[in-house]
Number of protein chains: 2
Amino acid sequence: MARKLIIIGGVAGGASAAARARRLSEDAEIIIFERDRFISFANCGLPYHIGGEIKEREALLVQTPESMNARFNLDIRIQTEILAIDPVNKSVLARELNSGREYHESYDDLILSPGARPFVPPIPGIPNDKTFTLRNIPDMDRIIRTIQTDAPKSAIVIGGGFIGVEMAEALVQQNIETSLIELSNQIMAPVDPEMAVPLHEELRRHGVRLMLGQSVESIDTQDNGLHLTLQNGNTLTTDMLILAIGVKPDTTLAGSAGLQIGPRGGILVNDRMETPVPHIYAVGDAIEVKDFISQEPALVPLAGPANRQGRIAADNIFGRQSLYGNTQGTAICKVFNYAVAATGSNEKALRRRGARYEKIYVHGADHASYYPGAKNITFKLLFDPESGRILGAQAVGEKGVDKRIDIMATMIRAGMTVFDMEEAELCYAPPFGSAKDVINQAGFVASNVIRGDHLICQPGELTNGAEDMLILDVRNADEVSACGEIEHAVNIPLPALRRSLDQLPKDRTILVYCAVGLRGYVAYRMLSQHGFKVKNLTGGYRSYQMFKNIGR
Amino acid sequence: MARKLIIIGGVAGGASAAARARRLSEDAEIIIFERDRFISFANCGLPYHIGGEIKEREALLVQTPESMNARFNLDIRIQTEILAIDPVNKSVLARELNSGREYHESYDDLILSPGARPFVPPIPGIPNDKTFTLRNIPDMDRIIRTIQTDAPKSAIVIGGGFIGVEMAEALVQQNIETSLIELSNQIMAPVDPEMAVPLHEELRRHGVRLMLGQSVESIDTQDNGLHLTLQNGNTLTTDMLILAIGVKPDTTLAGSAGLQIGPRGGILVNDRMETPVPHIYAVGDAIEVKDFISQEPALVPLAGPANRQGRIAADNIFGRQSLYGNTQGTAICKVFNYAVAATGSNEKALRRRGARYEKIYVHGADHASYYPGAKNITFKLLFDPESGRILGAQAVGEKGVDKRIDIMATMIRAGMTVFDMEEAELCYAPPFGSAKDVINQAGFVASNVIRGDHLICQPGELTNGAEDMLILDVRNADEVSACGEIEHAVNIPLPALRRSLDQLPKDRTILVYCAVGLRGYVAYRMLSQHGFKVKNLTGGYRSYQMFKNIGR
């Protein structure tokens, strides 16, 4: 007999599950319930339509209920909310939002893909008609309508995650004076604080007023706009407020179905996407996944994983053994002309769980520097100091950031080590890469650390006050005067170093640094072989500057 | 006692070896002999300086003998040729090219990095003063001087490899009417013939006169230029001729040293980069490597591998066990606005050695198609039809080609399968990728083929004359009229297919196709579950068109 599948939620995970289900079974009855009017829309594109980069609203409607039905023969019931699940009788209680009609619908299998809801903090003065969240098409329409009708001069975004940063950029592009308030000392939590520093600079370069370490205490609606009182007592006035503090798994239905909620607040599933309740599966932003590196529970509200989970749930329902391989959290965000991306664990997470790790920094060009248009990539690598296993990678830059993090995501998935990074054989022609790519360079540095060829000093150690080390700057004099230097540093340019050895002490550790760490390493090898005690500043002066500017 | 290392050849492999040697040993004596005046120059940048993209000639001189010596304390002897190697007495015979002085120099260890020489075919009429090859700075200077002095109106390039294609582009950028003659039916031999078709179109779009399957019989120098007679009897006149037929390992010294030459014509080394002659190592374009996929000997004259080999030779000389992990042949080339890249084995190679393989095609956008600027990537995947092991990948397109092939190169190196491609968790935000990237899509298609969910038909089978199949086009009517169709095809758009099943025969195989293969797959799943015998055309009408235009 034909199976009857109900899917709750018709965006990424739900839509993927429906399409896969139909490809596996022509005779299954497949019903999608969607609270909203829209299914399978381009969630990730919403800020870009507000900003004006995506001109046509229709471009975001990847599939309409009609087109989806024509292709996949689905019973799509939009503007219909599921009020309760009865797992014993295997049925759901649905309500048509327009008519108010309620009815029961039975299922053989149920896939929950309710997504996540924007987190709205309990700030006095919210809600009000000038405060918005952005999660779906109606949210977007409201924001655009307000911009068009009210012509706001100013806007404040609260929250420096993906949506917050993308919204700040969109508002600037609409010529609105934009401020961004973030509670922590950095935007873009998937990367570590020092890696966010170039992004802070990029936001300010484009006119965003960035307030780190700040939060809003209360909001007061007045005639001339919203008056925000910050925790530090300062007040701000704005025509428009965007809340982008994050999302929470939508687990409203979980209670009625007797589903379990995990420690992070998401629906619990196994690697077949099954909940503990028979015939109920869950996918997408509402569930907890296992982190690929730590094997710990995690919430990773991203479109790629949601799509794969939907496919896997459908596979298992229609008799195919299909397992989800955990989530690495590979993610990227555009910040005006910059991109920031990460995969695997970041240092904050490694430290939090007391994991053993080492880290290095590399700054390299996205393609051969002698070919026009080369841009710097700042690259951070986290790895196991004994095995060399890659634990995580982060990159920031104007070009080629996605490529490097995708390579690292692939390496992490394969269980590769920093020694494999040395050997990586990547595309090289001057317009596209370098004979020694940033990936290779980072592999060299990390491998040299593990082999004991290279003792490094972390820029964070220095900015927290140097020990009793001689700080040796091996850059050229013109670089020193152009870029500044570390306090108390002695400058001996690398080309002059070999003939200046007698000026250096053998009883103190020499901390050598250059612009990015490469010449520092050459100097390190020279000095250590001549019997000096040496360390090299990983990532050089550039990384040092990033650390110095954390939280600013 | 300090070791004395002689390195013959100061470009990629030799320069890398010297730098690594010094980092490992401060007291070693390191001598580099270089026939030319230049060391460590940007070989791969030469065509781009001729074309004018790289404005400054100095940008190509990555290191001068002076800067290299200041950093690494090397004895660099430029314009000095090695005439012979005496492996018994461990010495070389050197000649200073300017003075003619000859002398012996002893070594403890010797690294040969002589590179490769352009292959000059035995065509009557060569050499002449209007015919050039491009391998080094003096070659480049000669070509630029000729362009500046003689202001040639026309040029012919013989050979459609990397240098030939890059030179054709450079000459067009200098407003010279350019023809490209290639003996085989395609340019860019690293990819298969159908993948070169978009490149042929791109060359012609930019005014290059492309002559495939042609060769030059003889050349006659006359007052108004060179007169070329082709094998088909046609004659061509040109002001300038570039020979870019390929390179041959420079093995002139190998005989005197008693080194072995391999089946492909390169110097034989083991995975420590040692020749069979004690204390003689060889690296770079002059050696034979083992192909990573086939384990067969191969010549792979690329900068990345040369650099790594130089480093590994130095490691082993200075007491570190370091092994070269074979060569995948990852390569990329810019062809005006297109890039073409490949890694692993191509289909020609797999067929030649009788390997078991399957192939699929995917055409997908480099980033979310609803975000502006998305460009198509044509992707070919070769894999083992039983294990799913990835054997090779090729891509052509305007954007994101390097990223996809770098991911594939990493997967091949890790021994991953097409099932890993399904699961790949890559960066996604609309400006950078898609929730289901081209890599995931290709993984889905290939995995479905292996799982038996998807019987495919290769476009090559069709262009060689269809069997007794019903050809079913499931594109929309407007696509058919805009793009054309396969002969004798019946058009039933996918949205209408489910209600048209009674029009289709159950006794004949139905070959279904769409634009790129995705809707064809949906139709395949629908029809096969309704009891029809079906195949889906992999890569759809786009791949079919590429095959139809092979060799044109």
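**Exercise 1.** In this predicted model, determine which residue of β30(A) stands opposite A:Ile510.

*Solution.* A:Ile510 stands opposite A:Val534 in β30(A). Next, consider the strands themselves: β29 (residues 509–513) and β30 (residues 534–537) of chain A pair in the parallel sense, over three bridges. Finally, place this pair in its sheet, an open one of five strands with parallel pairing, in the order β26-β30-β29-β27-β28 (chain A).

**Exercise 2.** Identify which strands of this sheet in chain A stand at the edges.

*Solution.* The strand order in chain A begins with β26 and ends with β28. Each of these, β26 (456–457) and β28 (490–491) of chain A, has a single partner strand, so one side of each lacks a neighbour in the sheet. Helix α16 (residues 518–529) of chain A packs on the sheet, where it touches β27 (469–473), β29 and β30 of chain A. The direction of this helix makes about 180° with that of β30(A).

**Exercise 3.** Compare the expected span of helix α16 of chain B with the separation of its end C-alpha atoms.

*Solution.* The helix comprises twelve residues (518–529), and at 1.5 Å a residue they should span 16 Å. The end C-alpha atoms are 17 Å apart, in agreement with that expectation. As to covering, nine of the twelve residues of α16(B) are buried, including B:Tyr521 and B:Leu527. Just after α16(B), B:Gly531 takes a positive phi of about 90°.

**Exercise 4.** Decide whether A:Asp141 counts as buried or exposed.

*Solution.* The cut-off for buried is under 20% relative accessible area. A:Asp141 has 17% relative accessibility and therefore counts as buried. This residue lies in helix α4 (residues 137–150) of chain A, and a polar contact of 2.8 Å joins its side chain to that of A:Arg57.

How values were computed: Residues numbered from 1 in each chain as written. Chains lettered and ligands numbered in written order. Predicted model: local features only at pLDDT ≥ 70, side-chain atom pairs only at ≥ 80, totals over all residues. Heavy atoms only, no water. Helix = DSSP H or I, 4+ residues; strand = E, 2+ residues; numbered from the N terminus. Expected span 1.5 Å × (residues − 1). Buried < 20%, exposed > 50% of the residue type's maximum accessible area, 1.4 Å probe, protein only. Polar contact = N/O pair within 3.5 Å; in protein donor to acceptor, adjacent residues only side chain to side chain. Pairing = 2+ DSSP bridges. Contact = heavy atoms within 4.5 Å. Axes fitted to C-alpha atoms, helices over the stretch in contact; angles between N-to-C directions.
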